[in-house]
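Colleague: Before the classifications in this structure are accepted, I should like to hear the reasoning behind them. Please set each value against its criterion.

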Amino acid sequence: MQIIKAGVKLLPLLIALFGHLVLQIPAQEEENGSHGPAILVIGAGISGIGAAEKLHQNGFRNIKVLEATGRTGGRIWTQKFAKGLAEVGAQWIHGPSPQNPVFGLASRYNLLQPDALLEENQKFYLKSLPYGAPDVYSSSGKKISSEKFMKVLDMYMDWLEKAATFTNDNCSSDASVGSFLREEITHRSQEWEKTMVGTYMAFLKGMLNVEDSISGTHTQDHVALCPFGESTILPGRDCTFPMGYESLVNRMKENLPDDIIKLNKVVKTIKWNGSFKDGDTVYPVEVQCEDGDTFVADHVIVTVPLGFLKKRAEDFFSPSLPASKLHAIKSLGFGTNNKIFLELEEPFWEPNNTIIQLIWEGTSPLVEPEKDLQKNWMKKLGGFLVLERPQQLGHVICAFIPGEESEYMETLSDKEVLSTMTTLLRQFTGNPNLLPPISMMRSKWHSHPYTAGSYSHVAVGSSGIDIDNLAEPLPEDKESVKPLQVLFAGEATERNFHSTTHGALMSGRREALRLIDRYPHIAADASKAKI
Ligand code: 6YU
């Protein structure tokens, strides 16, 4: 997966020659309503494109989207792989039902399979995400019927449901989902048949690996318990995009003029609360790019991932961010979940099986694993998802791997990862002659310079209030002469739906609406023009 980086070798020379030229966005023509305020959106993921789309629909015409990479979509990223497609980032619409705006757009644009639109599927409710009963393979090469684990799986689902009922009133602020689950496991395991305890513990350790992937964390010990239930799971049977998740972003872009999105524009600094002149007009915000280009604006909507902000918050804004925002950026969690796609000559799994869960015998959620990443990184792999038609026609499985082990995996060569995967498949299938995968592709979200991880979670030491603080626009002074200079969107700013594509889209629309409300005459003119 090639990340196209902005910048060319001639850049320093060009900047020296033309750096004094400020790229001009037409001055604010709020009075005659022909262009509206100058608005910059930083980031062309689904939140940024969603914000631009909403503003454009409501008559705003002076919009630019600045995107650091050479592509749109951000963490929605579909690539060709094997005999079909693979999602490097987001995979499912979580909770495809009327309240979900991603589902709303996808069904309006006819991007889903007929099944996904069935009312019974929209009403489907799963206690947890999204995987159903797996086929279970153990590290001693045995296939174990999932029937054996139904009792423990049910218990596990109940614990997660119970974890979601805590609030600040009945839980300590330093409690984690991990500590809660361990307590439940310790307590309930007393009732288990002695001969089954080891197998159940190994199964639960596997479930926790999957949970770490779902929350994008190294361990559930990092996930705060009190706000766990604020993360809302919408009804609906999770579904995928037959033509790839990116088909949604591409369709959304069709509603925007071609020249709005500027690719390979790495934003270096956002100066706000200033007086930046462009001709006779003075703007409060100036955005500087790594390539020397400068844009002035009335408003900027920042949608860069929390992972990027964690690296750059201190010097990305001038003046720097208020303490509440810096605290939110520091204390909220942003971990890693990666995928490893393997194409096989022949399937080793049963024809109707879609989930392969791995059990590492001897492991337990109650025992801290040996910390030797080189030797043990692959033990963090919870299992494989079998990719199906119509996205995939080849025999392709996709492993999910979270946490520090995932970050370590990113440092290995393709050859090393492929060789480890071959050994692992041979071990778990009990077939030493299993052919190595024909091809492999993997994500590297932690080392992605403009994402620096996969998605956000409410970490121990933070709370939903930090998400709200992150979403607050600047300047904080609501009576300011020039309010709403810097607005914040992106998945990590949506308290109930963070870490999802619909949360990201909601956040972009939320900030667009903030601006639409501030300029009611622009939207009114736009709707008159439509009549
Ligand atoms: C979902 C799913 N899913 C798997 C994996 C990943 C994610 N998600 P973007 O990053 O898209 O855009 C920002 C842009 O800004 C970007 O293009 C940058 O290049 C750019 N930028 C940065 N710096 C810049 C600069 N300086 N200048 C200019 N531009 C700059 N979500 O709904 N279903 O199946 C998955 C999954 C491997 C990585 C996912 C999934 C998360 C979504 O992909 C993600 O939220 C949105 O795409 C983000 O959009 P955005 O616009 O905000 O940012 C505990 C607990 C709680 C419960 N959680 C439940 C949810 C579980 C999530 N499950 C995920 C599972 C998978 C497989």
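Colleague: What makes up the shell around the ligand, by class?

Modeller: The model is a predicted one. Its ligand shell has 25 nonpolar, 18 polar and 4 charged residues. Altogether 47 residues surround the ligand, and the closest are Ser47, Glu67, Arg75, Trp92 and Thr501. A residue belongs to this set if one of its heavy atoms lies within 4 Å of the ligand.

Colleague: What makes serine 499 a polar contact of the ligand?

Modeller: The criterion is a pair of N or O atoms within 3.5 Å. A polar side-chain atom of serine 499 lies 3.2 Å from a nitrogen atom of the ligand, so the pair satisfies the criterion. Backbone atoms contribute as well: a polar backbone atom of threonine 500 is 3.2 Å from an oxygen atom of the ligand, and for a polar backbone atom of threonine 501 the distance to a ligand oxygen atom is 2.8 Å. Both values are within 3.5 Å, so these pairs also count as polar contacts.

Colleague: How much of the ligand does the protein bury?

Modeller: The ligand taken alone exposes 1,300 Å², of which the protein buries 97%. The elements giving two or more residues to the shell are α2 (46–57), α8 (197–215), α10 (306–316) and α16 (501–518).

Colleague: Which domains contribute at least three residues each to the shell?

Modeller: They are domain 1 (2–7 + 22–74 + 255–330 + 460–530) and domain 2 (139–238 + 337–442).

Colleague: Why is the pair of phenylalanine 81 and phenylalanine 341 called tilted?

Modeller: Two rings pair if their centres lie within 6.5 Å, and the pair is tilted when the planes are neither under 30 degrees nor over 60 degrees apart. The centres of phenylalanine 81 and phenylalanine 341 are 6.0 Å apart and their planes stand at 50 degrees, so the pair is tilted. The pair links distant parts of the chain: phenylalanine 81 belongs to strand β3 (residues 78–81) and phenylalanine 341 to strand β16 (residues 337–344), 260 residues apart. The count of aromatic pairs comes to 16.

Colleague: Why are β7 and β22 placed at the edges of their sheet?

Modeller: The sheet is open, with 5 strands in the order β7-β2-β1-β13-β22 and parallel pairing. β7 (261–262) and β22 (486–488) each have a single partner strand, so one side of each is left without a neighbour in the sheet.

Colleague: How do you know that strand β2 and β7 pair?

Modeller: Pairing requires at least two bridges. Strand β2 (residues 63–66) and β7 have 2 bridges in the parallel sense, so the requirement is met. Within β7, isoleucine 261 is the bridge partner of valine 65.

Colleague: What makes β12 and β14 edge strands?

Modeller: β12 (294–297) and β14 (317–318) each pair on one side only. Their open sheet of 4 strands has the order β12-β11-β8-β14, with mixed pairing. Strand β8 (residues 267–271) runs parallel to β14 and is joined to it by 2 bridges, and isoleucine 270 has phenylalanine 317 as its bridge partner in β14.

Colleague: Where are the peptide bonds of proline 390 and proline 475 placed?

Modeller: Proline 390 lies in the loop between β18 (383–386) and β19 (395–402); a cis peptide bond joins arginine 389 to proline 390, with omega about -5 degrees. Proline 475 lies in the loop between α15 (464–471) and β22, where a cis bond joins leucine 474 to proline 475 with omega about 0 degrees.

Terms used:
Residues numbered from 1 in each chain as written. Predicted model: local features only at pLDDT ≥ 70, side-chain atom pairs only at ≥ 80, totals over all residues. Heavy atoms only, no water. Polar contact = N/O pair within 3.5 Å; in protein donor to acceptor, adjacent residues only side chain to side chain. Areas by Shrake-Rupley, 256 points an atom, 1.4 Å probe, with all protein chains shown as cover. Nonpolar A, V, L, I, M, F, W, Y, C, P; charged D, E, K, R; others polar. Domains from an automatic or database assignment.
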